[in-house]
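Colleague: Could you walk me through this one? I'd like to go through it helix by helix and then look at the rings.

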Amino acid sequence: MDFEPVDEDAESQQGELEVQGNCKACSGCQKFHLTVSKWMLPEHSRDIYLERANCIPPPIFIILISIAEVAVFIYYAYWMTDKQLMTLDEGIWNSPFTYRPDKRQEAWRFTSYMLVHAGVQHILGNVFLQLLLGIQLELVHKGLRVGLVYIAGVIAGSLASSIFDPLIALVGASGGVYALIGGYFMNVIVNFDKMIPLFGVFRLLSIVAIVGTDVGFALYRRFLSNAVGHSVSFVAHIGGGLAGMTIGYVVFSSYNQSLVKDPRFWICIVAYVVCFLFAVLFNIFLSPAS
C-alpha cells in the first residue's frame, strides 16, 4: 500500500488559518492577535485566546498609566524647571509624589513615586518597556490582572528600597515595569520546552539584554555618575522583579483559570503580605532614616 507524504508546513499553515477563522477580532487585528498569542501564551492556551480575542476593550490600564507618567514628566520638565529634559533635580525632589526617606510617613509616596522620573532617558526607557510588554500582556490577561502585578511591583520596589537603600530617594516606574518583565520571564522559562527553540532563546536573550542594559545604567547613575544632584535608588528594579517572578508568574501562568482557586496565588499573596508587614515595621522602628 502506498502512502502519500505529509506536508507538515502545509498542515501548520492550515491550522493557523483555522485559528484565524475562529478569531472574533476584526480582520486587521487577527494577525496581530496571533503574534501576541505566540509571544505570551503556551501552545495549549493559544486557541482559547484567539477564539475570544477582540479589539474592545483596548489595553486601557497600561496606556493610561503611561499617559499619566508622561504628563507628570512634562509638567516637571517644562513648568517646574527651566525646561531641563536630561536631568530633573529640585523639581522632582520637592514633588509630593517622590519617595523620600525623610517623608516616608506620607504613605502614598510608596506608590506615587512611579509617576515621576529623573530625566528623559529614564521616562523613555520605562514607558517604552511597559508599552512594549504591557500592551501584549493586557490583551491576553486584561487590565485587572496586569494592574495587580504592576502595582505589586511598584510597592515591592519602594519597600525594598526603604530597607536596602534607606537613605536614598526613589523615582520612576521601574518597580512596575520589572514586575511585568519578571512575570513574563518566569513564564518563558517554565514553558520553554513548548516553544520553537530559536524563538525561546531569542525571547530569553532579549529579556537579558534589556534588563542588563537598564540595570547597568541605573547602577551607573547611583554609584559612578559625577552628575550634580540627588542620588536615586536602583533597588526598586530588584524588588519589582522579585514581585513579578512570584505573583506575576502565577497570574500570567493562570490564563483562563480562576486565581482564587489556585493555591500558588495564595502562597504568593501570604509571602507578599509577610514581607510587606516586615518592611512597615522596619520603617517604623529600625530604619536609619528615622
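**Helices, rings and a patch**

Modeller: Helix H9 (residues 197–224) has 28 residues and reaches 39 Å from its first C-alpha to its last, close to the 40 Å expected at 1.5 Å a residue. That expectation is 1.5 Å times one less than the number of residues, and helices here are DSSP runs of H or I, at least four residues, numbered from the N terminus. Bear in mind that this is a predicted model, where local features need pLDDT of at least 70, side-chain atom pairs need 80 or more, and totals for chains, interfaces and linings use all residues. Residues are numbered from 1 along each chain, and side-chain values use heavy atoms, without hydrogens or water.

Colleague: Which residues of H9 are buried?

Modeller: Buried means under 20% relative accessible area, exposed over 50%, and partly exposed in between (1.4 Å probe, protein chains only). On that basis the buried residues of H9 are Gly200, Arg203, Leu204, Ile207, Asp214, Ala218 and Arg222.

Colleague: What does helix H7 span between its end C-alpha atoms, and where is its kink centred?

Modeller: H7 covers residues 120–164, and a straight helix of 45 residues would span 66 Å. H7 spans only 26 Å between its end C-alpha atoms. There is also a kink of about 120° (the angle between axes fitted to the seven residues ending at a residue and the seven starting there). The kink is centred on lysine 142.

Colleague: How many aromatic pairs are there in the whole structure?

Modeller: Rings of Phe, Tyr and Trp (its six-membered ring) pair if their centres lie within 6.5 Å; planes under 30 degrees apart are stacked, over 60 edge-to-face, the rest tilted. A search of the whole structure finds six.

Colleague: Why is the pair of phenylalanine 61 and tyrosine 150 edge-to-face, and how far apart in sequence are the parts it ties together?

Modeller: The ring centres are 5.7 Å apart and the planes are at 75°, so the pair is edge-to-face. Phenylalanine 61 lies in helix H4 (residues 60–79) and tyrosine 150 in helix H7, so the parts tied together are 89 residues apart.

Colleague: Is tyrosine 150 buried or exposed?

Modeller: Tyrosine 150 has 0% relative accessibility. That value makes tyrosine 150 count as buried.

Colleague: What is the relative accessible area of valine 280?

Modeller: Valine 280 sits in helix H11 (residues 263–286). Valine 280 is partly exposed, with a relative accessible area of 30%.

Conventions: Helices (H or I, at least four residues) and strands (E, at least two) are DSSP runs, numbered from the N terminus.
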